[in-house]
Amino acid sequence: MKKSILCYIFAFSIVLGMNMSTITARAQSPELKSAASDTETTEFWQISTERSSKQSEEPKVYSYYNLKLQNNSKRELSNVMLEGYRTSEKNQTKLALFTPVNIGTLPNNRNFTFDNFLLSTNAKEAEFVVSWEEKGRKVKQNFVFNKNNNLMEIQ
């Protein structure tokens with residue numbers, strides 16, 4: 001009896017889409033220290049990063065970057081949050097680049113810009129997490145910029 005109930009619950013969760021899937025796309029991109037910009041597009045978002053014109057007081061330690069996020073969906077997205085992380089030089093943890101930003105509601109084809117966040121020149125990876133609510137359910141997409149492989153991955 002318990003096994004059949006568990007099977008029904010599992011099947012029901014799959015039907016409702018409660019299983020998590022990963023979207024991965026790759027594109028050539030410059031190193032994090034490059035002055036060029038990098039853009040990646042998905043069904044929901046277009047995200048671009050570029051080196052800021054603001055000069056760091058310690059250019060060998062960190063650099064300033066800008067990030068632009070555009071709602072690519074065909075509808076308004078609500079409860080949009082943006083988080084940024086970088087790898088730690090000391091261990092496998094990720095350190096926050098900035099306090100999570102509550103963007104709120106973002107209409108389709110509208111931009112949100114985050115200027116002048118600091119990124120360590122030793123960071124091997126920068127990750128940006130965009131989350132939003134869709135039909136009362138929280139969803140997210142991760143954008144990972146990997147310095148070693150010169151790839152931008154969306155997960």
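What is the mean pLDDT of the protein, and what share of its residues reach 70 or more? In this predicted model, the mean pLDDT is 76, and 70% of the residues reach 70 or more. Two stretches deserve some caution. Over residues 2–36 the pLDDT is below 50, and the model gives this stretch 51 contacts beyond near neighbours in sequence. The pLDDT is also below 50 over residues 149–155, a stretch with 38 such contacts.

**Strand β8 and its partners**

A good place to start looking is strand β8, which spans residues 125–134. Of its 10 residues, 8 are buried, so this strand is mostly covered. Strand β5 (residues 77–87) runs antiparallel to β8, and 7 bridges join the two. Here you can find arginine 86 opposite alanine 126 of β8. Strand β9 (residues 137–146) is also antiparallel to β8, with 10 bridges between them. In this pairing, glutamate 125 stands opposite asparagine 146 of β9. β8 and β9 make a hairpin with 2 residues between them, and lysine 135 in the turn has a positive phi of about 55°.

**A look at methionine 81**

Methionine 81 sits in strand β5. Is methionine 81 buried or partly exposed? Methionine 81 has a relative accessible area of 21%, and because buried means under 20%, methionine 81 counts as partly exposed. Leaving out residues up to four places away in sequence, methionine 81 touches several residues, including Pro100, Val129 and Lys138. Methionine 81 and glycine 104 are 23 residues apart in sequence, yet their C-alpha atoms are 7.0 Å apart in space.

**Salt bridges**

How many salt bridges are counted? The count comes to 4, and the table shows three pairs among them.

| Pair | N to O distance |
|---|---|
| Arginine 75 and glutamate 134 | 2.8 Å |
| Glutamate 89 and arginine 86 | 3.1 Å |
| Lysine 94 and glutamate 125 | 2.9 Å |

Lysine 94 is in strand β6 (residues 94–106) and glutamate 125 is in strand β8, so this pair ties together parts 31 residues apart in sequence. Lysine 94 is partly exposed at 36% relative accessibility, whereas glutamate 125 is buried at 18%. Lys94, Glu125 and Glu127 are linked in a network of salt bridges.

The pair of arginine 75 and glutamate 134 links distant parts of the chain, 59 residues apart: arginine 75 is in the loop between β4 (62–71) and β5, and glutamate 134 is in β8. Arginine 75 is partly exposed at 36% relative accessibility, and glutamate 134 is partly exposed at 22%.

In the remaining pair of the table, glutamate 89 is partly exposed, with a relative accessible area of 46%, while arginine 86 is buried at 16%.

Notes: Residues are numbered from 1 along each chain as its sequence is written. This is a predicted model: local features need pLDDT of at least 70, side-chain atom pairs count only at pLDDT 80 or more; totals for chains, interfaces and linings use all residues. Side-chain values use heavy atoms; hydrogens and water are left out. pLDDT is the predictor's confidence in each residue, from 0 to 100. Contact means heavy atoms within 4.5 Å. Buried means under 20% relative accessible area, exposed over 50%, partly exposed in between (1.4 Å probe, protein chains only). Helices (H or I, at least four residues) and strands (E, at least two) are DSSP runs, numbered from the N terminus. Two strands pair if DSSP finds at least two bridges between them. A salt bridge is a side-chain nitrogen of Lys or Arg within 4 Å of a carboxyl oxygen of Asp or Glu.
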